[in-house]
Structure formats: C-alpha cells, structure tokens
Amino acid sequence: MFFICGTGSKAVPLSGTSCTMICPACGKTTVFHVCWFYDYFHLFFIPLFKFNHRYTATCGGCAGAFSVDLQAGHAFRKGRASLMPHHLTPISRNYSHPSVVLCPVCGRQNPAGSRYCNHCGQPLE
C-alpha cells in the first residue's frame, strides 16, 4: 500500500481583526496587522492536525515586526481579547547584514560599532 503524507506550513492574515495601539518601536498610535502561522501534518494532501502555532503583529507606521504571546494570540484570533503592547516582543529584522545594528527603540539600521542610534539617539545594546 502506498501513502502520501507529510508536513506543510501556512500563514493566515487575520483580516478584520487588526488592532490600534501605541507601537513600542516608533511610539506612534497605528494599526497593527496580525498574522497567524502554523505547521500541519497532512495525509493525501488533507490537513489532519495543526501544530507549532505562532502569531506576529506588524506596525502599519514603521513596519516593525513583533512576536505575539501565544495565549494572547489565540484569544485575539477568537475575538475574546485585544492585543496590548506588553504582549509584543520585537523580532530582529537584521537577517542578511550582521554588520548592521538595529535600534531597539526606533528599529532603524546603524553601522556596526555604533554606541548610539543615528536617528533617535538612544543607546544601542
């Protein structure tokens, strides 16, 4: 007998469930767009179960990307709660250039070795 099974990944933008709050990166009140990511196991291309759930929120103003707490993401997706700034953890946008340092406050790029952000003046870690 021959079975076709495997795993896959899916990204689902949560349309109609965006929220407005103060961005921890840029400090402006903007709309955040929330996306739900998960992996799934399929048999004959029919998804059987989902696992490895994760949520991200993106600031509409500065395009800062944030990881959302799992419990808060589930509640937000089901419409039971709204997101708050303390549910967000910044995601580093520095994937391809290790010589670039990102400011933890405004998210702007700075040359390696910089002690202070060239845009907002905050100390760099």
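This report describes the nonpolar core, the aromatic pairs and the cysteines of one structure. The model is a predicted one.

**Core**

The largest nonpolar core has 18 residues, and the members that touch the most others are Phe32, Val68, Leu83 and Leu88. Two or more residues each come from β2 (19-22), β3 (29-43), β4 (46-59), β5 (65-68) and α1 (70-77). Strand β3 gives the largest share, four residues. In soluble globular proteins, nonpolar side chains tend to be buried together.

Leu83 shows which parts of the chain meet around one core residue. Apart from neighbours within four places in sequence, Leu83 is in contact with Cys19, Met21, Val34, Val68, Ala72 and Phe76.

**Aromatic pairs**

How many aromatic pairs does the structure hold? There are six aromatic pairs, and two of them are set out below.

| Pair | Geometry | Centre to centre | Angle between planes |
|---|---|---|---|
| Phe32 and Phe66 | tilted | 6.0 Å | 55° |
| Trp36 and Tyr55 | stacked | 6.4 Å | 15° |

Phe32 is in strand β3 and Phe66 in strand β5, so their pair ties together parts that lie 34 residues apart in sequence. Phe32 is buried at a relative accessible area of 0%, and Phe66 is buried as well, at 3%.

The pair of Trp36 and Tyr55 also links distant parts of the chain, with Trp36 in strand β3 and Tyr55 in strand β4, 19 residues apart. Both of these residues are buried. Trp36 and Tyr55 belong to a cluster, joined by ring pairs, that includes Tyr38 and Tyr40.

Two rings of this cluster have a charged group over them. The charged end of Arg77 sits over the ring of Trp36, 3.9 Å from the ring centre. Over the ring of Tyr38 sits the charged end of Lys50, 4.9 Å from the centre.

**Cysteines**

A disulfide is a covalent bond between the sulfur atoms of two cysteines. Why is Cys23 not bonded to Cys59? The sulfur of Cys59 is the closest cysteine sulfur to that of Cys23, but at 3.6 Å it is too far for a bond, because a disulfide needs the two sulfur atoms within 2.5 Å. Cys62 is likewise in no disulfide, and its nearest cysteine sulfur, also that of Cys59, is 3.8 Å away. The count of disulfides comes to zero. Cys23 is buried, with 2% relative accessibility.

Methods. Residues are numbered from 1 along each chain as its sequence is written. This is a predicted model: local features need pLDDT of at least 70, side-chain atom pairs count only at pLDDT 80 or more; totals for chains, interfaces and linings use all residues. Side-chain values use heavy atoms; hydrogens and water are left out. Buried means under 20% relative accessible area, exposed over 50%, partly exposed in between (1.4 Å probe, protein chains only). A nonpolar core is a set of buried Ala, Val, Leu, Ile, Met, Phe, Trp, Tyr and Cys residues joined through side-chain atoms within 4.5 Å. Contact means heavy atoms within 4.5 Å. Rings of Phe, Tyr and Trp (its six-membered ring) pair if their centres lie within 6.5 Å; planes under 30 degrees apart count as stacked, over 60 as edge-to-face and the rest as tilted. A charge sits over a ring if NZ of Lys or CZ of Arg is within 6 Å of the ring centre and within 35 degrees of the ring normal.
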